[in-house]
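Welcome! Below are some exercises to work through with the sequence and the 3D view side by side. Try each task yourself before you read its solution.

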Amino acid sequence: MAETGVNPTAAALLGLLHDGPMTGGQLMAAAERRLAPYWSMTRSQVYRELPVLAEKGLVRLGKPGPRMSQPYAITAAGKRTFSKWLAENPGKDTIRNPVALRIAFGGLHSANQLKNLYATANEYHTEALAAAREQVKNAKKEGETYDASALEFAVAYHKAALSWLKSAPATPAAS
């Protein structure tokens, strides 16, 4: 946890709330649209963080809407905390790639398992690359320079993953 006492998920929610009040569902949709190509957030994380942010006075609850949806708005304290969070050292990247983990144990796979693993990963990264490129194009068209720049990271990541998959060993090592 950072000096500000907010974790990256909470900080992302505060950042998204700069666009205006949103319900948990709206925050999930905004996170999916803006952050998902390079930052994952689950519904349970969002709904776990919102009450904590409210308790800390960083967001306030609005009037309940349809189906008891609860909008949240960032407070002045939330904006100050977010600004401080932005200025903090982000720390080291955490890499958790499930394909790389499985390839690390490639000698324990059958040839068919490896073939399927690579095919699935190739398909995923090819589709994700196309989607990220489209998001970059749309962000640039809308004048969202910083969103476009962050999304370029996702483009580079998926390109690198596809390149790496081409060089991964295709057959298990002999036991």
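A residue is called buried when its relative accessible area is under 20%, exposed when it is over 50%, and partly exposed in between. Keep in mind throughout that this is a predicted model.

**Exercise 1. A salt bridge between a loop and a helix**

Task: Find the salt bridge between aspartate 19 and arginine 34, and work out how covered each partner is.

Solution:
- Step 1. Start with the distance: the closest N and O atoms of aspartate 19 and arginine 34 are 2.9 Å apart. The cut-off for a salt bridge is 4 Å, so this pair qualifies.
- Step 2. Next, place the partners. Arginine 34 belongs to helix α2, while aspartate 19 sits in the loop between α1 and α2, so the bridge ties together parts that are 15 residues apart in sequence.
- Step 3. Now apply the definition. Arginine 34 has a relative accessibility of 23%, so it counts as partly exposed. Aspartate 19 reaches 55% and therefore counts as exposed.

**Exercise 2. Bridges around helix α6**

Task: How many salt bridges does the model have, and where do the partners of lysine 137 and lysine 140 lie?

Solution:
- Step 1. The count is four salt bridges.
- Step 2. Lysine 137 pairs with glutamate 134, at 3.6 Å from N to O. Both residues lie in helix α6, three residues apart, or about one turn of the helix.
- Step 3. Why does that spacing suit a pair? An α-helix has 3.6 residues a turn, so residues three or four places apart point the same way.
- Step 4. Check the cover: lysine 137 is partly exposed at 46%, and glutamate 134 is partly exposed at 39%.
- Step 5. Turn to lysine 140, whose salt bridge partner is glutamate 152, with the closest N and O atoms 3.4 Å apart. Lysine 140 is in helix α6 and glutamate 152 in helix α7 (residues 145-167), so this pair ties together parts twelve residues apart in sequence.
- Step 6. Lysine 140 is exposed, with 53% relative accessible area, whereas glutamate 152 is partly exposed, with 33%.
- Step 7. Finally, look for shared partners: salt bridges join Asp19, Arg34 and Asp147 into one network.

**Exercise 3. The nonpolar cores**

Task: Locate the largest nonpolar core and say which element gives the largest share of it.

Solution:
- Step 1. The largest nonpolar core has 23 residues, and Leu27 and Leu53 have the most contacts inside it.
- Step 2. At least two residues of this core come from each of α1 (8-17), α2 (24-34), α3 (43-55) and β2 (72-74).
- Step 3. The largest share is from α1, with seven residues.
- Step 4. Zoom in on leucine 27. Leaving out residues up to four places away in sequence, leucine 27 touches Leu13, Leu16, Leu17, Met22, Val46 and Leu50.
- Step 5. Another core lies apart from this one; it has nine residues, including Leu129, Ala148, Ala154 and Val155.

**Exercise 4. The cover of α1**

Task: Decide whether α1 is mostly covered or mostly open, and name what covers its buried residues.

Solution:
- Step 1. Nine of the ten residues of α1 are buried, and the helix is mostly covered.
- Step 2. Among the buried residues are Thr9, Leu13, Leu14, Gly15 and Leu16.
- Step 3. Their cover includes α2, α3, β1 (59-61), β2 and α4 (76-87).

**Exercise 5. Histidine 125 and leucine 108**

Task: Which is buried and which is exposed, histidine 125 or leucine 108?

Solution:
- Step 1. Histidine 125 lies in helix α6. Its relative accessibility is 6%, so histidine 125 counts as buried.
- Step 2. Beyond its neighbours within four places in sequence, histidine 125 contacts Tyr157, His158, Ala161, Leu162 and Leu165.
- Step 3. Leucine 108 is in the loop between α5 (98-104) and α6 (111-141). With a relative accessible area of 72%, leucine 108 is exposed.
- Step 4. Leucine 108 also forms a nonpolar surface patch with Leu101 and Phe105, and together they have about 370 Å² of accessible area.

**Exercise 6. Reading the record**

Task: What secondary structure fills the two spans that UniProt annotates in an unreviewed entry?

Solution:
- Step 1. UniProt lists residues 95-168 as "domain: Transcription regulator PadR C-terminal". In the model this span is 82% helix and 0% strand, and its end C-alpha atoms lie 18 Å apart.
- Step 2. The UniProt annotation "coiled-coil region" covers residues 122-149. That span is 89% helix and 0% strand, with its end C-alpha atoms 24 Å apart.

Notes. Residues numbered from 1 in each chain as written. Predicted model: local features only at pLDDT ≥ 70, side-chain atom pairs only at ≥ 80, totals over all residues. Heavy atoms only, no water. Patch = residues over 30% accessible without salt bridge, like charges linked within 9 Å, V, L, I, M, F, W, Y side chains within 5 Å. Areas by Shrake-Rupley, 256 points an atom, 1.4 Å probe, with all protein chains shown as cover. Salt bridge = Lys/Arg side-chain N within 4 Å of Asp/Glu carboxyl O. Helix = DSSP H or I, 4+ residues; strand = E, 2+ residues; numbered from the N terminus. Buried < 20%, exposed > 50% of the residue type's maximum accessible area, 1.4 Å probe, protein only. Contact = heavy atoms within 4.5 Å. UniProt positions renumbered as here; feature names shortened; annotations may be inferred. Core = buried A, V, L, I, M, F, W, Y, C linked by side-chain atoms within 4.5 Å.
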